[in-house]
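User: I'd like to go through this one piece by piece. Can you take my questions as they come?

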Amino acid sequence: MNFDNILNKAKDVFETAYKKADGAISVQKQKFDIAGLENKLSKDYEALGKLCFEEMQKGAFADNQNFLSVAEEIKIKTAQIEELQAEVLKAKNKKRCAKCGAAIEKGSAFCNVCGESVNEE
Ligand SMILES: [Zn+2]
């Protein structure tokens, strides 16, 4: 192998590696673009679902059992969220007894479960 051949071989190796890296970058970009589009697609489906749900409250799709069962799940989860949010609000006005761990009203001086004196912080 003469010097020119060695140089050409090195150039080939470099170009092949460069093309591979370039390909990897473009595949990564394509994967990124796919993830972005999938995310937007999910939001479109969600928006469509909300529109359908609103229409169902006005009586639309009443003969579609698939729609009805998903709408029922939405109602159940919405009620669960509201219930938990109410509990969180309620919990904000309570404190824990250091002795027995019972939830006590913030204003009380004694635990109503074990009678422990509760110091206000
Ligand atoms: Zn207690």
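User: Where does Phe 61 lie?
Analyst: Keep in mind that this is a predicted model. Helix 1 covers 3–57, and helix 2 comes after it. Phe 61 belongs to neither helix, as its place is the loop between helix 1 and helix 2.

User: Is Phe 61 buried, exposed or partly exposed?
Analyst: A residue needs 20 or more other C-beta atoms within 10 Å to be buried, and 12 or fewer make it exposed. Phe 61 has 14 C-beta neighbours inside 10 Å, so it counts as partly exposed.

User: And what is the phi of Phe 61 near?
Analyst: Phe 61 is a residue other than glycine, yet its phi is positive. The value is near 55°.

User: How far apart in space are Gln 57 and Ala 71, C-alpha to C-alpha?
Analyst: Gln 57 is part of helix 1. With 10 C-beta neighbours inside 10 Å, Gln 57 counts as exposed. Along the sequence, Gln 57 and Ala 71 are 14 residues apart, while in space their C-alpha atoms are separated by 9.4 Å.

User: What should helix 2 span, and what is the distance between its end C-alpha atoms?
Analyst: Helix 2 runs over residues 65–92, which makes 28 residues. The rule multiplies 1.5 Å by one less than the number of residues, so helix 2 should span 40 Å. That agrees with the model, where the end C-alpha atoms are 41 Å apart.

User: What is the count of buried residues in helix 2?
Analyst: Glu 87 sits in helix 2, and with 10 other C-beta atoms within 10 Å it is exposed. Helix 2 as a whole is hardly covered. Among its 28 residues, the buried count is zero.

User: How far is Glu 87 from Ile 104 in space?
Analyst: In sequence, 17 residues separate Glu 87 and Ile 104. From C-alpha to C-alpha, the distance is 14 Å.

User: Where is Ser 108, and how far is its C-alpha atom from that of Lys 95?
Analyst: Ser 108 is in the segment after strand 2, which covers 103–105. It has 13 C-beta neighbours inside 10 Å, so Ser 108 counts as partly exposed. Lys 95 is 13 residues away along the chain, and the two C-alpha atoms are separated by 9.5 Å.

User: In what order do the elements of the protein chain run?
Analyst: The chain has two helices and two strands. Starting at the N terminus, the order is α-α-β-β.

User: What radius of gyration does the protein chain have?
Analyst: For a compact globule of 121 residues you'd expect something near 14 Å. Along its principal axes, though, the C-alpha trace spans about 95 × 55 × 20 Å. Buried residues make up 2% of the chain. The radius of gyration comes out at 32 Å.

User: What share of contacts between residues at least 6 apart join residues at least 24 apart?
Analyst: Take the contacts in the protein chain whose partners are at least 6 apart in sequence. The share that joins residues at least 24 apart is 0%.

User: Where is confidence lowest, and where is it highest?
Analyst: The chain averages a pLDDT of 88, and 97% of the residues score at least 70. Strand 1, residues 94–96, is the low point with a mean of 84. The high point, at 92, is helix 2.

Conventions. Residues numbered from 1 in each chain as written. Predicted model: local features only at pLDDT ≥ 70, side-chain atom pairs only at ≥ 80, totals over all residues. Helix = DSSP H or I, 4+ residues; strand = E, 2+ residues; numbered from the N terminus. Rg over C-alpha atoms; globule rule 2.2 N^0.38 Å. Contact = placed C-beta atoms within 7 Å. pLDDT = per-residue confidence, 0-100.
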